[in-house]
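Here is a friendly first tour of a protein chain. Have a look at the picture, then read on for its helices, its core and a few loop residues.

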Amino acid sequence: QLKRIGSTISSLNACCEDMRRVVAAARQDNAPVLDEASALLTQKEDLEKKSRLLDAFNKHFVLPEEELMALTSATEAIDAHFFAVLARTKQIYADCQVLLGSENQRLGLELMDQSSRQLNSGYQKLFRWIQKEFKILDLENPQINAFIRRSLRTLAERPTLFESCLDSFSQAREHVLTDGFYSALTGSSTTDQDNDPTMKPIEFHAHDTLRYTGDILAWAHSATVSERESLESLFISEGDEMAKGIRAGRQSEPWSAMGGDVFDGRKALDSLVNRNMTGVARALRQRIEQAIQGQDDPVTIYRTVNLISFYRVTLKKLLGPDSFIMESLSSLEDFAMRQFEALQNDQTATIQAELTQAPSDLSIPDILDETLTQLKALMKSFESSLTPVDSREVDFKPILSQTLKPVLEACDSLAESLQLPASSIFLLNCYIAARFTLQPFDFTQSLIGQIDKIVASSTGNLITYQHAFFLHVSGLHPLLTALTPLTDSDEDLGR
């Protein structure tokens with residue numbers, strides 16, 4: 001039995017040895033396969049990591065086709081999705097700078113170039129859309145598309161496109177406002193959309209220079225205020241968002257025209273309104289000049305000067321001193337003043353030709369009476385002007401020199417040809433009448449002082465003459481002559 005057990009154990013040992021040899025041979029045969037499988041598993045893990053990294057990279061740095069179409073395609077609308085994609089593209093462009101810090105900068109440069117092209121395409125699309133919207137934009141409509149405001153703020157990040165857009169907008173608005181001005185003048189419009197048969201055209205009153213000028217300037221003032229309010233709501237209604245866009249644009253386009261001084265939204269608004277009103281200012285100046293040239297009444301022209309001055313001061317507060325319409329109004333004011341001076345010079349020449357002798361009753365000449373009536377109207381007009389109180393007397397002095405002084409000088413010449421007391425009486429009548437006209441106005445005090453001196457001198461001459469006359473008529477003159485050498489001494493009193 002032990003032999004059988006030993007034989008079985010030997011057989012088992014032999015079998016185990018054979019199995020060990022088979023396993024060793026199989027292991028030797030399968031070792032390359034196992035090594036290759038292990039390497040493949042390692043590669044798989046690496047590829048999975050790289051795949052996840054690539055997906056995350058593409059998700060962050062590459063726009064999907066849908067978003068790319070929303071950003072660049074002209075068929076896609078400008079909406080909130082567009083601005084979201086544009087903001088994401090700008091973020092991609094900024095994040096690409098991180099990649100430039102790596103050893104291999106090629107990827108960062110390629111992505112920056114790609115995102116830059118996409119941004120430019122997006123801004124170009126936005127630029128074309130804004131231009132199209134500006135052509136149909138109604139500034140009088142309070143419900144202006146909110147996307148236009150947002151688009152302008154965004155486009156300000158590209159100053160070149162923004163300036164070009166403003167130029168196109170300004171040209172369109174100038175055409176609209178100029179057409180509106182001619183519509184108000186004539187009652188008809190080139191578009192035939194704004195015609196109102198119930199409104200009388202301004203030219204209906206062209207024969208009345210003052211009202212005609214006032215209606216034109218009132219329309220221009222109303223249009224300027226309306227234009228400014230509309231553009232204010234369009235461009236700077238939401239704080240300094242536009243300024244932020246401009247500052248961002250200077251970083252991307254440091255060579256642009258808007259990259260100089262610190263951006264001032266109010267000044268930019270004034271400049272835009274000024275450009276929009278250029279056509280109106282040009283037409284306004286032409287029409288008012290024609291009206292002034294056809295007027296021969298100095299009082300009406302001077303009232304027109306003060307009216308122009310009033311609107312010049314008013315519009316200066318809206319547009320500043322350097323606007324084109326301010327230049328036009330200043331030129332109109334100077335032109336009207338020259339016309340007034342020319343008429344006054346003609347009137348002075350007429351006075352010198354007609355005022356040859358004093359009236360027989362020594363009353364004031366008719367020409368002086370007419371001049372004082374005219375001067376009173378001029379002073380009332382000047383009193384209602386916006387001229388500062390402290391400079392009124394200086395500003396009105398040339399008017400007095402052109403209107404009243406030539407007539408008073410002619411009266412002085414007439415008085416020289418008269419004998420006492422007629423000369424003094426005539427001068428007193430003339431200068432007292434002038435003083436009565438000037439007295440109610442505080443800006444004529446200097447001339448009133450001069451007149452008072454002349455009145456006092458003439459009064460003294462008249463008193464002296466009357467005193468001498470009464471002495472001769474009463475026979476007291478010889479007695480006074482005899483008593484003149486005597487003094488208060490006792491000797492003279494004893495005589």
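Helices (H or I, at least four residues) and strands (E, at least two) are DSSP runs, numbered from the N terminus. With that in hand, T356 can be placed in the loop between α12 (324-354) and α13 (366-383). Before going further, note that this is a predicted model, where local features need pLDDT of at least 70, side-chain atom pairs count only at pLDDT 80 or more, and totals for chains, interfaces and linings use all residues. Residues are numbered from 1 along each chain as its sequence is written, and side-chain values use heavy atoms, with hydrogens and water left out.

**The whole chain**

The chain has 18 helices and zero strands. Of its 495 residues, 39% are buried, where buried means under 20% relative accessible area, exposed over 50%, and partly exposed in between (1.4 Å probe, protein chains only). The chain's accessible surface is about 29000 Å², and carbon and sulfur atoms hold 54% of that; such areas come from the Shrake-Rupley method with a 1.4 Å probe, and for residues only the protein chains shown count as cover. If you take the contacts (heavy atoms within 4.5 Å) with a separation of 6 or more, 73% of them join residues 24 or more positions apart.

**The core**

A nonpolar core is a set of buried Ala, Val, Leu, Ile, Met, Phe, Trp, Tyr and Cys residues joined through side-chain atoms within 4.5 Å. The largest one here has 109 residues, and F134, L155, L284, F396, L404 and L438 touch the most other members. What does L438 touch, leaving aside its neighbours within four places in sequence? Its contacts are L375, M379, L400, L404, T444, L447, I448 and I451.

**Two helix pairs**

Two packed helices are described by the angle between their axes and the distance between the axes. Axes are lines fitted to C-alpha atoms, for helices over the stretch in contact, and angles run from 0 to 180 degrees between N-to-C directions.

Helix α7 (residues 209-235) and helix α11 (residues 298-319) have axes that come within 10 Å and cross at roughly 5°. That makes the two, α7 and α11, roughly parallel, a label for angles under 35 degrees (over 145 is roughly antiparallel, 65 to 115 roughly perpendicular, and the rest oblique). Residues from α7 in this contact include L210, H221 and R228, meeting α11 residues including R303, Y311 and L318.

Helix α10 (residues 278-293) packs with α12 at about 10°, their axes 9 Å apart. So α10 is roughly parallel to α12 too. Among the residues making this contact are L284 and E289 of α10, and F324 and F335 of α12.

For the classes, Ala, Val, Leu, Ile, Met, Phe, Trp, Tyr, Cys and Pro count as nonpolar, Asp, Glu, Lys and Arg as charged, and the others, Gly among them, as polar.

| Contact | Nonpolar | Polar | Charged |
|---|---|---|---|
| α7 with α11 | ten residues | eight residues | two residues |
| α10 with α12 | ten residues | five residues | three residues |

**Loop residues**

Is T356 buried or exposed? T356 counts as exposed because its relative accessibility is 58%. Its C-alpha atom sits 8.5 Å from that of A410, 54 residues apart along the chain.

L362 is also found in the loop between α12 and α13. L362 counts as buried, at 14% relative accessibility, and has a positive phi of about 65° although it is not a glycine.

Over in the loop between α14 (392-416) and α15 (422-438) you'll find L420, which is partly exposed with a relative accessible area of 43%. The peptide bond from L420 to P421 is cis, with omega near 5°.
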